[in-house]
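Student: Please pick one part of this structure and go through it closely. I would like a single connected account.

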Amino acid sequence: MIIYILFTFIGIIGLGYAVVKIHPTFGGKQSKEKMELFAQSPQYQNGKFVNLNTNEWNTSFGSMLSMIREFLKSKVERKPRTPLSIVPYSPRIDRADSARVTWFGHSAFMLEVEGKTILFDPMFGKAPTPFPIKNQRYSRKLPFKIEDLPAIDAVVLSHDHYDHLDYGSIMNMKEKVKQFITPLGVGSHLARWGIPEEKISEHDWWNEYTFEGLKLACTPARHFSGRGLADRNSTLWCSWVIIARDTKIYFSGDGGYGSHFKEIGEKYGPFDLTLMECGQYDVRWADIHMLPEETVQAHQDVKGKLLIPVHWGAFTLSLHAWHDPIERAVRAAEESGVEIATPRIGETVIVGEDQIPDLAWWRTESYRVFNDET
């Protein structure tokens, strides 16, 4: 019996290892040539990418036990009681000068500027997992069908976690995309998924890249990476600066608060708009996910004018109430005199306009009756 149990255990481990190796959703492996190139980066040490500041995440037995206890006993509303409503997205017809940003939930958004259409972290799947069987998305559906999206000039990625880089989404849209722009190493996942290498551009922190008249700068973030069992920190994570003729935008990607925000603000600020991570946090892992009050402070550090909180409103990846991130961010913004926009999922914000979406829609969404779940 012991031998049977042992062989069964070994078989399960072996099967899991084989799935990770074979199934494409887990992404690609870094080649020897790429790792030699990574070794030239100040962010690459001892075969792994590292942060400017040391990350501390309490993974002790006591900490894990406290999280389990909180999960079982807490009565917070971790997801909406009914599916969230959406604003249907319509592709831009005119080519006006004003930049437009449309939020699609979590960290996915579209930037339309100077005739270019750019998607950031387009996670459009049902759940941020390797095999999304159950629909965990709060809205149940997206503001659009991927096949109805216009041609995409570029997809810009901040890192390779499942809630930012989704295999199914990339496969469904890759024929529409002219260029993929990523931090170092993330291109290996795309290459495994059949995207030609000439359509992939990888960048280190502080690397500037000109794309069809727009300047993009790959800037630091305080986070980590990995999609499989043994590839932690084998790819880089980042934030992004986008500089158009009359508009400057900053996207934080994922990460904890740190001194890099002031450095980015000094080098590239002020920004007309920032999209800053604001959800899936906990004081026990604050080094890799900002608290909402830190979100507002980071916005001020980079010298932002208008703030849109992202990384919330789509999935439950932490223990806080689903609406807690935006409540705390709005309160902190009001206390600090920061202008904050709170668009619905699919709602567009026109950069530079006096009128911005600022309704507290989530206070009613939690309890509303939602009949259309198709």
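Tutor: A residue is called buried under 20% relative accessible area, exposed over 50% and partly exposed in between (1.4 Å probe, protein chains only). The model is a predicted one, in which local features need pLDDT of at least 70 and side-chain atom pairs pLDDT 80 or more, while totals for chains, interfaces and linings use all residues. Residues are numbered from 1 along each chain as its sequence is written, and side-chain values use heavy atoms, without hydrogens or water.

The part chosen is helix α7, which spans residues 292-301; helices (H or I, at least four residues) and strands (E, at least two) are DSSP runs, numbered from the N terminus. The buried residues of α7 are P292, T295, V296, A298, H299 and D301. Their cover includes two helices, α6 (260-268) and α8 (324-336), along with the strands β13 (271-277) and β14 (304-310).

H299 shows this cover at the level of one residue. With a relative accessible area of 1%, H299 is buried. Leaving out residues up to four places away in sequence, H299 is in contact (heavy atoms within 4.5 Å) with T274, M276, G304, K305, L306, L307 and V338. Of the elements that cover α7, β13 covers residues 271-277 and β14 residues 304-310; the partners of H299 include T274 and M276, and also G304, K305, L306 and L307. V338 is another of the residues that H299 touches. Past the end of α7 comes K303, with a positive phi near 70°.

A strand residue can be set beside the helix. Q179 sits in β7, residues 177-183, and is buried because its relative accessibility is 11%. Not counting residues up to four places away in sequence, Q179 touches D153, A154 and V155, then E198, K199, I200 and S201, and also Y209 and F211. One of these partners, K199, offers its backbone oxygen at 3.3 Å from the side chain of Q179. I195 is 16 residues from Q179 along the chain, and their C-alpha atoms lie 9.6 Å apart.

Both elements belong to a chain with nine helices and 16 strands. Of its 374 residues, 55% are buried. When contacts between residues at least 6 apart in sequence are counted, 70% of them join residues at least 24 apart. The chain exposes about 17,300 Å² (Shrake-Rupley method, 1.4 Å probe), and 56% of that area comes from carbon and sulfur atoms.

Conventions. Polar contact = N/O pair within 3.5 Å; in protein donor to acceptor, adjacent residues only side chain to side chain.
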